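Visitor: I should like to understand how the parts of this protein chain meet. Please show me the model before we begin.

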Amino acid sequence: MSNIKVIIMDVDGTLTNSKKVITEKTKNALIKAQKNGAILILASGRPTSGLMDFAKELKMDENHGLLVSFNGAKVIDCQSNEVLFNETMSVEQGQAVLEHMKKFNVKPMIDKGDYMYVNDVFNNEIHYNDTLLNIIQYESRGGKFKLCEKDDLAAFADYPLNKILTAGDPEYLQANYKEMMEPFKDTLSCMFTAPFYFEFTADGIDKAKALDTVLIPIGYKKEEMIAFGDGHNDTSMIKYAGIGVAMANSVHDLKAVADEVTLSNEEDGIAYTLSKYITDIDI
């Protein structure tokens with residue numbers, strides 16, 4: 001076994017392939033890594049509920065794997081369900097964002113309990129890759145949420161939010177995101193997590209902060225960590241971990257800061273790289 005004790009992975013575009021499936025080769029490599037003493041961490045913009053099935057598939061619930069959800073706003077131990085870190089926006093901040101979003105042609109989504117709340121479940125399509133994507137179905141199914149409509153999300157959100165997600169046509173978001181974030185750029189974290197997603201979390205929240213807050217007190221060191229990602233919101237953890245690995249399908253900016261670039265999420269890039277560092281893993 002190498003000195004890698006922590007394996008951190010983004011989910012969409014990294015751990016899973018285009019069908020949102022973990023391939024057998026990658027799954028076997030990660031289960032073997034845990035048998036060799038490593039812990040697994042899923043670090044995603046997804047809500048916690050959207051990570052649970054993947055965690056169980058990888059046997060993380062038997063090995064104290066961690067789930068870093070909402071882009072770093074919450075961390076739980078998926079064996080004990082203990083919340084190790086949780087940072088929300090204030091009620092006032094969340095309501096201000098949702099009020100401001102009314103000026104834009106975007107679809108805000110917030111969650112509470114088993115439900116995702118939206119303005120209109122039938123106003124659900126965005127243009128992406130020359131097709132129409134039902135973004136509300138995509139997000140609610142990914143997060144394992146039921147759906148509920150609220151005419152005024154700002155008035156409804158009288159509770160602290162981990163994240164506010166907005167969806168829109170990529171070209172529209174590119175043209176308008178600066179105006180969308182302008183009132184909050186100094187008080188909240190505002191970022192793209194996909195070409196069609198722009199989201200808001202508490203100030204200073206990112207995947208690296210969540211990892212640092214939880215892992216260092218337990219006794220793990222950065223040089224014992226390897227992190228895999230593909231998107232802009234993976235930049236902080238790729239730079240944070242001792243070995244930061246960008247997938248071949250990553251955005252250019254992530255490849256530029258990574259220590260290594262591996263194969264794509266369609267080619268078992270995680271398993272391929274782990275086989276170089278952990279002797280018991282062969283592919």
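Visitor: What area is buried between domain 1 and domain 2?

Guide: This is a predicted model, in which local features need pLDDT of at least 70, side-chain atom pairs count only at pLDDT 80 or more, and totals for chains, interfaces and linings use all residues. Residues are numbered from 1 along each chain as its sequence is written, and side-chain values use heavy atoms, with hydrogens and water left out. The domain assignment, an automatic or database one, gives domain 1 as 6-87 + 205-277 and domain 2 as 91-201. Buried area is the accessible area (1.4 Å probe) that two parts lose on being put together, summed over both. Carbon and sulfur atoms give 49% of this area, and the total is about 1200 Å².

Visitor: Which three residues supply 36% of the area that domain 1 buries against domain 2?

Guide: Domain 1 brings 16 residues to the contact (heavy atoms within 4.5 Å) and domain 2 brings 15. Within domain 1, the three that supply more of its buried area than any other three are Ser49, Phe70 and Ile205.

Visitor: How many salt bridges are there between domain 1 and domain 2?

Guide: A salt bridge is a side-chain nitrogen of Lys or Arg within 4 Å of a carboxyl oxygen of Asp or Glu. Lysine 144 and aspartate 53 meet this way through their side chains, at 3.2 Å from N to O. Between domain 1 and domain 2 the count is 1 salt bridge.

Visitor: How far apart do the C-alpha centres of the two domains lie?

Guide: The two centres compared are those of domain 1 and domain 2. Their separation is 24 Å.
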